[in-house]
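Colleague: Hi, could you pull up that model for me? I have a few quick questions.

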Amino acid sequence: QVRLAESGGGLVQPGGSLRLSCAASGSIFSMYNMGWYRQAPGKQRELVATITGGGTTNYADSVKGRFTISRDNPKNTVYLQMNSLKPEDTAVYYCKAERVDRRTTYAYWGQGTQVTVSS
C-alpha cells in the first residue's frame, strides 16, 4: 500500500513556473515507477511524465522541453518542474505510483492538485 500526497499547485500566469511535489509513504519508494498525469475539464486523464526507480524519464510531446520530472528516493518524493506554462496546461495534476510483481500490477493515485494558467 502506498499513500501519495501532491502539493505545489496554484494559479500562475502564462510563461510562469511551478514545481509540484508528490510525497509517498507506506512502502519502498524506490521500487515504484512514478508518474505525473493530468486531467482538464471535459477531457480524459493523460500522461505528462514518468520516471523509473532508476531514473529513466519519459515525457508527453506536449511538455517536452518545458517540464522536468525528478525523484529523491531518500525523501520518498517525486517532483514535476513546470516552466513556460501555457493556458492549455491548466488541469488537475495527479501523481501515480506503479510496480509490477509477478505479473500483478500495483498502482496508486494521489488526490490531485489544481494547476491554473491564466492571466
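Colleague: How many positive and negative side chains does the protein have?
Modeller: There are 14 positive and 8 negative side chains, and the centres of the two sets lie 4 Å apart. Lys and Arg count as positive and Asp and Glu as negative, with His and the chain ends not counted. Each charge is placed at NZ of Lys, CZ of Arg, CG of Asp or CD of Glu.

Colleague: Thanks! Anything to keep in mind about the source?
Modeller: This is a predicted model, where local features need pLDDT of at least 70, side-chain atom pairs count only at pLDDT 80 or more, and totals for chains, interfaces and linings use all residues. Numbering starts from 1 along each chain as its sequence is written, and side-chain values use heavy atoms, with hydrogens and water left out.

Colleague: How many helices and strands are there?
Modeller: Zero helices and eleven strands. Helices (H or I, at least four residues) and strands (E, at least two) are DSSP runs, numbered from the N terminus.

Colleague: Now D89, where does that residue lie?
Modeller: D89 lies in the loop between β8 and β9.

Colleague: Is D89 buried or exposed?
Modeller: D89 is buried, because its relative accessible area is 1%. Buried means under 20%, exposed over 50%, and partly exposed in between, using a 1.4 Å probe and protein chains only.

Colleague: Which residues does D89 touch?
Modeller: Leaving out residues up to four places away in sequence, D89 touches R38, R66, F67, S84, V115 and V117. A contact here means heavy atoms within 4.5 Å. The side chains of D89 and R66 are also joined by a polar contact of 2.8 Å. That term covers a pair of N or O atoms within 3.5 Å; within protein, one must be able to donate a hydrogen and the other to accept it, and residues adjacent in sequence count only if both atoms are side-chain atoms.

Colleague: Changing topic: what is the phi of N76?
Modeller: N76 has a positive phi of about 55 degrees, although it is not a glycine. Most residues other than glycine have a negative phi. N76 sits in the loop between β7 (67-72) and β8 (77-82), and is partly exposed at a relative accessible area of 24%.

Colleague: And what about R103 and its phi?
Modeller: R103 is not a glycine either, and its phi is positive, about 70 degrees. R103 is found in the loop between β9 (91-101) and β10 (104-109). With a relative accessible area of 83%, R103 is exposed.
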